[in-house]
Structures are given as structure tokens and as C-alpha cells.
Amino acid sequence: KMAAHMMLPKTTNALLSIKYLSAITGNRRFLSFSFATGTTEFTSKRVRSIFTEFFKEQHGHRVVPSSLVRPRGDRSLLFVNAGMNQFKPIFLGTVDPRSELAQYRRVVNSQKCVRAGGKHNDLEDVGKDVYHHTFFEMLGNWSFGDYFKEEACAMAWQLLTQVYGIPKDRLYISHFGGEPTLGLSVDEETREIWLGLGVQPDHILPFGLRENFWEMGETGPCGPCTEIHYDHRGGRNAAALVNRDSPEVVEIWNLVFMQYNREVDGSLRPLPALSVDTGMGLERLVTVLQGKRSNYDTDLFTPLLGAIHQSSRCPPYKGLTGGADVGKVDMAYRVLADHIRTLSVCIADGVYPGMSGAELVLRRILRRAVRFSTEVLQAPPGTLASLVPTVAHILGDAYPELISGTNRIMDIINDNEAQFLSSLQQGRRVIDRTLLKMDDGKVFPGAVAWALHRNLGFPLDLIGLMLEERGVSMDTETLNKLALENAKLQSQAAHFEGESNVAVDLHSLAELHSKEVPPTDDSAKYTYSLGQDGRYEFPSCQATVLALYCGQALVQEVLEGQKCGVILDRTSFYAEQGGQTHDRGYFTREGLQDVLFPVEAVQLAGGYVVHEVTATETLRTGDEIRLFVDEAQRLACMVKHTATHILNFALRWTLGDAVEQRGSHVTSDRLRFDFSVKGALSVQQLQEIERTIQDIVQKDEHVHVQELPLTLARGIQGLRTMDEVYPDPVRVVSVGVPVSDLVNSTGLLPTSVELCCGTHLLRTGEIKDFVIVAEKQLVKGISRIVAVTGEEAREAREAGLALAQDVESLSVRLASVIPSLSTAHRLSKEVGQLTDAVDSTAIPQWQRRELQAKLKALQRTTNTAVRKLETKEATRKVQTLLEKHVSETLVVDTVDADSISVRGLTVLMR
């Protein structure tokens with residue numbers, strides 16, 4: 001249908017547009033909303049709801065909730081920065097065909113977006129003008145292989161002009177003007193569609209790649225776009241101001257037509273399916289509909305500006321910019337109003353200020369806000385956090401997590417603000433000391449400035465201002481070099497983490513679908529049992545090679561030594577997902593059983609399980625093979641994964657319902673679990689958590705697994721879920737209680753129950769033992785636990801016992817009289833060595849905390865003993881000196897006490 005549509009003559013397109021617009025305006029339900037531009041009836045809440053209801057009721061779109069601002073499984077982004085981010089798997093063809101996402105055809109939502117850090121970074125512009133933001137809401141509608149240009153333009157035009165009532169003569173349209181070097185012609189089809197909708201020819205303008213060709217990134221889906229711009233003044237032809245960064249003529253809506261895929265070599269290939277991706281900033285739309293010139297003058301910001309004024313020692317907000325904004329007071333108002341929205345939304349979504357990635361960006365946002373608050377607005381500490389309830393009041397209807405998380409958000413902001421103010425004092429002392437050591441030098445060391453910035457978060461511009469006040473310049477060459485090296489290291493690390501040896505590309509996935517290659521049946525990964533001897537049995541799996549992927553293409557055969565991806569009709573291998581690492585193992589080819597094909601990695605792509613293999617012999621499509629998983633590695637992962645579920649339950653049982661999982665990773669060696677908590681866990685809490693887990697392990701509880709419809713599963717009381725796209729039906733994993741009992745229960749049962757696609761034990765007794773070997777705060781409000789099981793747990797307990805005995809032995813020796821200074825120094829050294837051993841050895845974390853406290857006390861004891869003995873030795877040497885010079889009237893000499901704490905220049909007069 002779409003291919004035929006693309007070949008229609010331009011005049012026919014225009015007629016279709018008129019016909020389509022006529023059809024969709026037949027239902028007049030929404031025309032009652034056609035108020036004149038500038039009416040106060042258009043509150044921000046109403047503007048948002050009208051948008052989603054229009055597409056839902058009038059055009060059959062499915063309303064989906066905003067995703068979290070932390071990208072879901074996308075390492076290329078720090079934050080969700082566009083409405084389409086959560087739909088990338090659909091555009092890329094990698095979506096699980098069993099998931100809810102795969103069923104989307106027409107979708108509408110309002111997405112929380114953050115543009116700070118990375119490619120799209122508005123941070124430094126915020127406050128300088130009246131329209132840049134770090135957080136904003138993106139209103140959007142999408143078509144995935146359904147409607148295309150004609151319908152998208154007609155819907156947008158109807159909503160803006162008939163529903164919102166924006167005067168048509170104030171709207172200007174830009175469209176893609178072509179790019180000969182890429183073989184892309186002018187998008188005349190879109191121009192004809194707009195003409196057919198009644199837009200005047202002089203209001204339709206062509207632009208090039210930079211303005212009207214949208215790309216997801218350096219590679220991936222892309223296409224021409226058409227943008228709708230609004231003239232705030234009106235009563236004139238403002239075509240010359242379109243795309244000229246004029247505050248009077250601003251873009252309000254971008255309609256992207258996904259037609260191509262940008263390949264690694266930079267070329268463009270047509271997409272197998274055409275899609276529409278539109279985005280309209282709520283803040284700009286509300287500004288238009290409320291008749292304002294500044295986003296900060298709308299009801300999304302005015303309550304915040306009023307609250308800021310109440311806490312500051314400055315005059316009310318006046319909306320001034322540039323030179324007219326004396327002292328940057330109004331800029332400070334805008335910075336605080338914008339940044340507190342970003343901080344509130346990010347923290348509510350589990351992104352806390354920290355030291356790397358998105359967390360580091362959020363820390364910079366918080367510290368920028370604190371500086372403007374304290375230095376420009378002269379507001380007291382705590383002002384920033386006091387604005388959170390106002391943010392929750394403004395946005396809470398759309399994003400209720402802001403209301404439920406208000407207290408937690410305020411606590412985290414206050415803690416980080418106090419830490420920053422302390423760092424500022426510390427940084428100023430470092431700067432002062434460095435300046436004193438510089439003698440008469442006029443160039444401040446770039447290495448010191450970078451250390452202050454990287455380690456303490458001291459703003460570089462503030463360092464520059466402080467040095468400028470003292471008439472000292474900065475060694476910018478060294479500073480820039482260090483910053484460049486750091487950026488390079490981070491880039492390399494990100495590339496290394498995200499790279500995959502064999503990643504099936506979009507076109508190959510489309511080719512597999514077109515050839516009707518069925519998705520891989522991986523149900524055999526759950527086919528294992530407990531034998532009569534109590535050991536787990538993992539049967540081999542017979543399969544057929546359906547496709548081979550090598551060199552960015554599907555091939556019929558691969559030769560010895562070639563790295564390739566192998567797609568089978570069925571598999572028993574677990575592909576990496578849900579925080580659990582992939583299986584290892586091998587397969588053999590029928591008729592060649594003595595040649596093993598080791599499986600190096602297993603990944604999911606669009607419903608296909610891709611086995612990464614370096615061929616040890618020729619392999620062809622159609623070959624029959626037999627798969628064998630590495631049983632020891634698989635069982636170890638099953639142990640850790642089931643233990644992770646029990647840990648999640650034990651944390652909530654011990655610490656309360658406020659605990660939320662923030663991430664996990666399971667390997668054969670150990671498990672890692674991140675969760676929200678206000679502070680570090682106490683010794684008693686760690687012990688209680690371990691006791692709870694040990695009790696479940698020793699009871700050898702049955703692990704129940706059952707597939708349920710997703711809607712039914714979500715109704716289970718106490719269910720733990722993550723921000724993930726789950727398949728439908730979904731696997732429910734429950735420890736100790738049958739899933740059917742949970743479904744039928746009206747109350748909360750004390751058990752671990754989660755949605756999970758991972759492989760699990762059949763009974764908990766196989767865990768054998770469980771020890772938390774590390775627990776620390778990653779950032780304020782999020783902790784990470786690392787734990788081991790089985791034999792590793794037993795070894796950790798034994799190591800802890802041995803260290804405890806060493807500490808006790810040392811404590812006994814220190815309790816007796818220390819005979820000499822050399823003995824005291826030796827004991828002090830032993831305390832230091834034991835401290836290092838306790839810090840670095842895998843032992844129970846609760847025990848580590850106890851031993852660290854004891855060793856700290858022992859260190860104080862040895863230090864005191866050393867000082868006393870050194871003083872005694874110095875006194876003895878002075879006495880010897882007196883006896884040597886008993887007949888002298890004046891003695892001036894230096895006494896060497898062999899000590900760093902006691903030094904003597906003794907002057908004796910007789």
C-alpha cells in the first residue's frame with residue numbers, strides 16, 4: 001500500500017490530502033476547543049491532555065506512558081532526549097516479536113526528555129535566553145508501517161488550526177530541499193501535501209540537510225522532515241525569519257518521515273518499512289496558546305519563579321536577558337526554574353548525581369543551580385530542594401512519581417548541595433595554598449585546576465574567576481590536554497562496552513523477515529531437570545541452521561576461521577538479557593561430531609537468537625547440528641540469578657517497601673545488585689538480610705515458574721518489576737508460593753515474585769550459602785551489593801574468620817605493655833597491613849565493617865603508644881645531652897628523636 005502511495009503523482013497527492021482532511025474533520029468533537037490564541041483556557045495540563053486525546057479518539061492511536069529519562073538498554077545516550085528513543089527497537093527491527101512493543105502501529109504520548117551532555121546539549125544555554133531547557137516534554141505521534149506523509153501532515157494541521165485554534169497565517173512550513181551529493185531530490189511530495197491542505201505557497205520553504213533531514217545518530221534510521229514554525233508577532237510575512245534563530249519565529253512541531261537507513265559507510269539505503277516520528281515541545285506550544293513570548297511566562301514556570309522569589313533576596317523576576325539583565329538576576333531565576341525540573345524528574349526516575357555518565361551531568365546541573373542560587377540570588381542553603389513540591393504540583397498529574405518521591409528527591413538534593421558547598425570551601429583552600437607555593441608565578445597549574453574539577457566538582461569557570469581576581473592566569477594548555485585525554489578515555493570505554501562482534505544489521509533482519517525465517521524457538525533453554533542423584537541435567541538440543549551472518553550480510557556458508565552469527569530454528573542457549581550473562585558451550589555438525597564449534601556469545605536480535613561463532617570447519621545453511629551448553633557455567637548463573645531474586649525480597653523485607661531495584665548483573669562468578677536506599681546499610685541490617693536469605697536457602701523452597709498474560713501478571717500483589725519491555729505472555733518466577741496462589745490472593749504474601757525471562761534453580765537449596773562481600777553507595781541514594789554463593793561464600797566466611805582471629809591476636813598484644821619504640825612501630829605497621837587485608841579480601845561485608853572499626857581503634861592505640869615512646873626517647877636524649885655539657889652556661893643543640901611526630905631544637909640555659 002505504501003509503495004503504491006509513494007508513486008502517486010503530485011496532483012493526486014494534493015487531492016488526497018484535501019479529501020483526507022475533509023474525512024478526518026467529519027467528526028467535530030474536538031472543534032469545541034478552538035479558542036482564540038492566547039486564551040487562559042489553555043492550561044499546560046489541558047494542552048497536554050488535548051494532544052493525546054485528539055490522536056487517541058480521532059485517529060485510533062494507542063496512548064503509551066513516558067519512558068524513564070534513563071535510556072532503556074541504549075548505551076549511546078546519556079538521557080532520553082527525544083520521544084522516539086523508547087521506540088528505537090521498532091525502527092531498528094530488533095524488537096522482540098512477542099513483546100507489547102511489537103504490536104504498536106499508531107502511538108501517541110508525552111515523553112520526558114533531557115538534553116544535557118552528549119550530542120544534544122542545551123545546558124550552557126539555559127538561562128541566557130527564554131526558550132532553552134535541559135528538561136522538556138515532547139508531545140509526539142508515531143506510525144510504524146501504518147500511515148505516512150499525507151495523513152501525518154493532515155492530522156497536524158487539523159490539531160493546530162482547528163483544535164488549538166492557531167491562526168493559519170502565523171504558521172510557516174519548512175520541508176527538505178534535497179541534497180545532490182547524496183542523490184536526494186527535493187521533497188516535492190510534502191510540499192504538494194501542504195499546498196493541498198491550504199497552506200499559502202509563500203509560507204512553504206525548502207531547507208537543506210542541517211534543518212530538514214533528521215538522523216537518529218551517525219548510523220541508523222533517518223529521513224526528510226517537515227517542520228511547522230509559528231510567528232509570535234503576526235500580521236506580516238515572516239518567511240525570512242524561519243530557521244534564523246529568531247525568538248519571534250520558532251519551530252513548534254517536527255514531522256520526520258523515516259525512509260532511509262544511514263549505513264556505517266555513510267550511504268543511505270531505503271528502509272523496508274516507512275514510519276512517521278513527530279515531536280512537538282509542550283513548553284513552546286503552551287507559550288503560543290497562552291499568548292506569551294517566553295516559555296518562562298507560562299504556567300509551567302511561573303509558580304516556580306514565584307517560589308524562588310520568596311526564598312531569595314532579589315527583586316521579582318522581570319524576564320530580562322543579555323545586557324538588560326543587570327547582575328544576571330533573571331538568568332539565575334531561569335536557571336533554578338529549569339534545573340529543579342530536571343533534577344526532580346531525573347531523581348524520580350532513578351538517576352542520581354554522581355561521578356560518571358548521566359550521573360555526572362546531573363551533578364553538574366545541580367551544582368550550577370546551587371551556584372546561581374547562593375551567589376546571584378543570595379538564597380539560603382536548602383532553597384533548591386524547597387522547590388521540589390512546586391514541581392510536583394505542576395507536573396504531578398502527568399508524572400505521579402514526582403508526588404510519591406517528593407521527600408526522597410528533596411533529601412538527595414539537600415545532601416548533594418551540602419557536599420558541594422563543602423567542596424567549594426575545600427577547593428578554595430587548595431587554590432589559596434597553590435597560590436602561596438607559586439612564589440611570584442602568574443600561571444596557575446592546569447593539573448591542579450583539573451584535579452579540583454574532576455575530583456571535587458569545582459567549576460572551571462569559578463576557578464578562572466578566582467584567579468582573575470588575583471591577577472593570575474590559567475595554564476589552559478595543560479588543562480585542555482587533560483580534559484581531552486579524559487574525554488578520549490571515556491569515549492574508548494563507552495565504545496568497548498557497547499561493541500559486539502556480530503550484530504545483525506537492520507537490512508539483514510528485514511531480509512530474514514521477508515524470507516519468512518521464523519524467530520528462534522529458545523524454549524529449550526528452560527528444559528532441564530533434577531536427576532535422581534540430585535544433580536541438574538541439561539539435555540543437548542538438535543537444531544537446523546536457518547541463516548548465517550558474516551561481513552554485514554546473510555550468506556549461504558562460512559569457511560574455517562570466519563567469525564559469524566548462526567541463527568537456528570531452535571536453541572537451548574540463553575541469550576544475554578535481563579541482567580543475566582549469556583551461555584557458553586559448543587555445537588557439533590551432523591556427520592562431523594569430533595569437530596567442536598565453540599559458542600563465544602549469544603545475543604538477541606528481533607526475535608532471532610544469534611550464536612557468535614568462529615567456524616572450525618565449513619558450515620552451511622540447512623546443516624543439522626547438536627548444541628551443548630557449558631553445564632557448570634549455566635548452573636552457576638542459575639544459582640546467582642535465583643539468589644538475586646531472594647536478595648531483592650530480603651532487602652525489601654528488611655528495609656521497607658521504599659527499596660527499588662536500579663539494576664543487576666548475574667555471571668557465573670558473582671552477582672551485583674543496585675537499589676535505592678537513603679544511606680549505607682548498617683552491620684545489623686546486613687546481618688538481617690543475610691539471615692533472611694539463609695533461611696530461604698536452608699528451607700530448600702520450590703521455585704515456581706508460570707507463564708501468564710501480562711495484564712494478569714501485573715495484578716499480582718508485591719510483584720517486583722523493572723523499566724523493561726516484557727513479552728506477552730510473560731514468565732512469573734515465585735519462590736516458595738505457587739504462581740496460581742499469588743494470582744488468586746487478594747493480599748500480599750511474604751515471598752519473592754518477579755517477572756523474569758532468566759534461567760532459575762528448581763529449588764533454593766542449590767544456592768547452599770550466600771554472603772554479601774561488598775556494599776557501598778554508588779551515589780547519594782543508590783547502593784550496590786556484590787555477593788557470592790556456594791563454595792565462594794564458604795571461602796569468604798573462612799577468610800573473614802581468619803582475619804578476625806588476626807585482629808583479636810593483635811588486639812591482645814597491644815593491650816599489654818609495649819616495651820620499646822621499635823616494637824610499637826612494628827605493631828603499628830601490622831595494624832596497617834591488617835587494615836589493607838580487611839579492605840581488599842572477599843569476606844562478609846558486615847564483618848568487614850566490624851573489623852574496620854576495631855582496626856581504627858587499634859591504630860589510634862598504636863599511634864598514641866608511638867608518640868609516648870618517642871617523647872620518652874627524646875627526653876632521655878635531652879638528659880644525656882645535659883649530662884655531657886654539665887659545666888656549660890649555654891647549650892644549643894638538635895635532638896634527633898627518630899620520629900616524625902617529635903622534633904627537638906633544645907635550648908638549655910644554666
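## A tour from pocket to core to cysteines

Start with α19, the element that gives the second largest pocket its largest share of lining, five residues. Keep in mind that you are looking at a predicted model.

Now show the pocket itself: its volume comes to about 500 Å³. Its lining has 22 residues, and to find the middle, select Ile-90, Gly-93, Val-95, Ala-273 and His-513, the ones closest to the centre. Next, colour α4 (88-92), β9 (268-281) and α19 (506-514), the elements that each give two or more residues to this lining. If you're thinking about chemistry, the lining divides into 15 nonpolar residues, six polar and one charged.

Next stop, the nonpolar interior. Which residues have the most contacts inside the largest nonpolar core? Select Leu-160, Tyr-164, Ile-228, Trp-253 and Ile-413; the core they belong to has 118 residues. Then add helix α10 (residues 329-348), which supplies the largest share of that core, 13 residues. Apart from this one lies another core, of 57 residues; pick out Val-659, Val-683, Leu-761 and Trp-846, which are among them. As background, nonpolar side chains in soluble globular proteins tend to be buried together.

Finish with the cysteines. How many disulfides does a search of the whole structure find? Zero. Zoom in on Cys-541: the closest cysteine sulfur, in Cys-564, is 18 Å from its own sulfur, so the two are too far apart for a bond, given that a disulfide needs the sulfurs within 2.5 Å. Cys-541 is also buried, at 2% relative accessibility. Last, click on Cys-314, another buried residue, with a relative accessible area of 12%.

Terms used. Residues numbered from 1 in each chain as written. Predicted model: local features only at pLDDT ≥ 70, side-chain atom pairs only at ≥ 80, totals over all residues. Heavy atoms only, no water. Buried < 20%, exposed > 50% of the residue type's maximum accessible area, 1.4 Å probe, protein only. Core = buried A, V, L, I, M, F, W, Y, C linked by side-chain atoms within 4.5 Å. Helix = DSSP H or I, 4+ residues; strand = E, 2+ residues; numbered from the N terminus. 1 Å grid on protein atoms, 1.4 Å probe; cavity = no way out; pocket = protein on both sides within 12 Å on 5 of 7 lines; lining within 4 Å. Points joined across faces, edges and corners; volume = space filled by probe spheres on them. Nonpolar A, V, L, I, M, F, W, Y, C, P; charged D, E, K, R; others polar.
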